[in-house]
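Okay, thanks everyone for squeezing in. I've got one model to show you, so let me put it up and then we'll walk through a couple of spots.

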Amino acid sequence: MVERVGLDRAAGRVLARPLRADRDQPPFARSTRDGYACRAAEASAHRPLAIAGSTRAGEPPAGPVPPGAAWEIMTGAPVPAGADAVMMIEHVEAVDGSVRLLPPRTLVAGENIVAQGAQARAGDELFGAGTAIGFAQIALAASCGYPSLEVFARPRVAILSTGDELVPVDAEPAPGQIRNSSSHMLAAQVSVAGGEPWVLPVAGDNAELLDAALEQASEAELLLITGGVSAGKFDLVEPALTRRGARFHFTGVRIQPGKPVVFGEMPARTGSHLNQNKNGKKCFGLPGNPISSAVTFLLFAAPVLAALCGRTHGGPRFALARLAHDVNGRPGLTRFLPAWCNFAGEAPEVARVDWRGSGDLAAMARSNCFLVVPEEDGSLQAGAAVRILLA
Ligand code: AMP
Ligand code: MG
């Protein structure tokens, strides 16, 4: 589905139709300096050139510049006919209505001028459908006269937290209960990734309640379920998805946290019949611990959501940083440790944040990325170039 949004509301959306230049960019040969338009060869001879006229930004193209003359010009103004370069005001000596380029400086044709159409020609595709719209694309769209843009509708993403121990954020937890934090966290992650979060009430660890919640959630384009995907007695999500005919692309990944994550597709329904041939509804079972949910969202759900948003580039964002200190651990699983990357220094430097396991929300709130520890070794040495997963 495609909708139209005003330019000032388009940031973070995905363009649904290619955007074309309405006219040449720049629309006229433009001076990039305050100075004097001239012929480069004449200026380079260092003889005084009489000032024949003046053009400021916003005035129509003027000229022609007579031979042996110069023309006062401001930044952003159209270059007058006959001129092929602009001498900077800082580089000339002005005497009695004429200017002279100061030796030993010389000028070449084209200097300090951006030719008409140098950036784009009228009708050129400036960026294609599937482009994520940011400040740069908005500036370009504005320069081409688009007050609004056609973008893909945000896909609706159902978020279903499961667990008998969970109470809403505004409730006082009884002994043994905790507040549902992951639904709010995932709603934020979904919004950032371009989706429209739809938070469902928590479902208890009970097959009937889960079935009812899945029925309701099936109206969304993507379904994120948290909790209940491990091997425990009350981990009922996978069986509930199976009852709805889900096929799993994977059940479990060699990562920590997040090992039990499942990704599947529920068949589309035609009336009351399951239709295995139509494109299914994608669903994730994310492990319940909030850091596990956050990491598996970034690694697996966010790219799927990006594709549903119509984006052509939407993979997880990894970067390299220098490790501040040794990290020791066991091999066997790729680990994603909450970490702080300092981007202010000469090169990005990353240090892990002290944490007490994948339920440690305070540690995650002190981090700005996840340090990736490869499964082969399990340890990393201070000073090494290491990968980080950007949040
Ligand atoms: P589970 O995957 O259901 O075994 O849950 C693992 C851990 O995460 C348990 O300690 C749960 O209490 C906790 N947990 C599960 N869902 C949530 C949630 N929505 N918010 C906060 N903690 C949760
Ligand atoms: Mg649970």
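Quick bit of vocabulary before I start: a helix here is a DSSP run of H or I, at least four residues, and the numbering goes from the N terminus. Also, keep in mind that this is a predicted model.

So, where does S292 sit? It's in helix α6, which covers residues 290-308. And is S292 buried or exposed? Buried means under 20% relative accessible area, and S292 counts as buried because its relative accessibility is 4%. If you skip the neighbours within four places in sequence, S292 is in contact with P257, G258, P287 and S358.

Staying with the helix: 15 of the 19 residues of α6 are buried, so the rest of the structure largely encloses α6. There's a kink in α6 too, about 50°, and it's centred on F297. After α6 comes G310, which has a positive phi, near 90°.

Okay, over to the sheet. It's an open one with 6 strands, and the order reads β7-β4-β6-β5-β9-β8, with mixed pairing. At the edges you've got β7, residues 85-88, and β8, residues 92-95, each pairing on one side only. From one strand to the next, the twist averages 40°.

As a reminder, strands of a sheet pair through backbone hydrogen bonds, either parallel or antiparallel. Which sense do β4 and β7 use? Antiparallel: β4, residues 35-38, pairs with β7 over 4 bridges. If you want one pair to click on, take A37, whose bridge partner in β7 is V86.

Definitions and conventions: Residues numbered from 1 in each chain as written. Chains lettered and ligands numbered in written order. Predicted model: local features only at pLDDT ≥ 70, side-chain atom pairs only at ≥ 80, totals over all residues. Heavy atoms only, no water. Pairing = 2+ DSSP bridges. Helix = DSSP H or I, 4+ residues; strand = E, 2+ residues; numbered from the N terminus. Axes fitted to C-alpha atoms, helices over the stretch in contact; angles between N-to-C directions. Buried < 20%, exposed > 50% of the residue type's maximum accessible area, 1.4 Å probe, protein only. Contact = heavy atoms within 4.5 Å. Bend = angle between axes of the 7 residues up to and from the residue.
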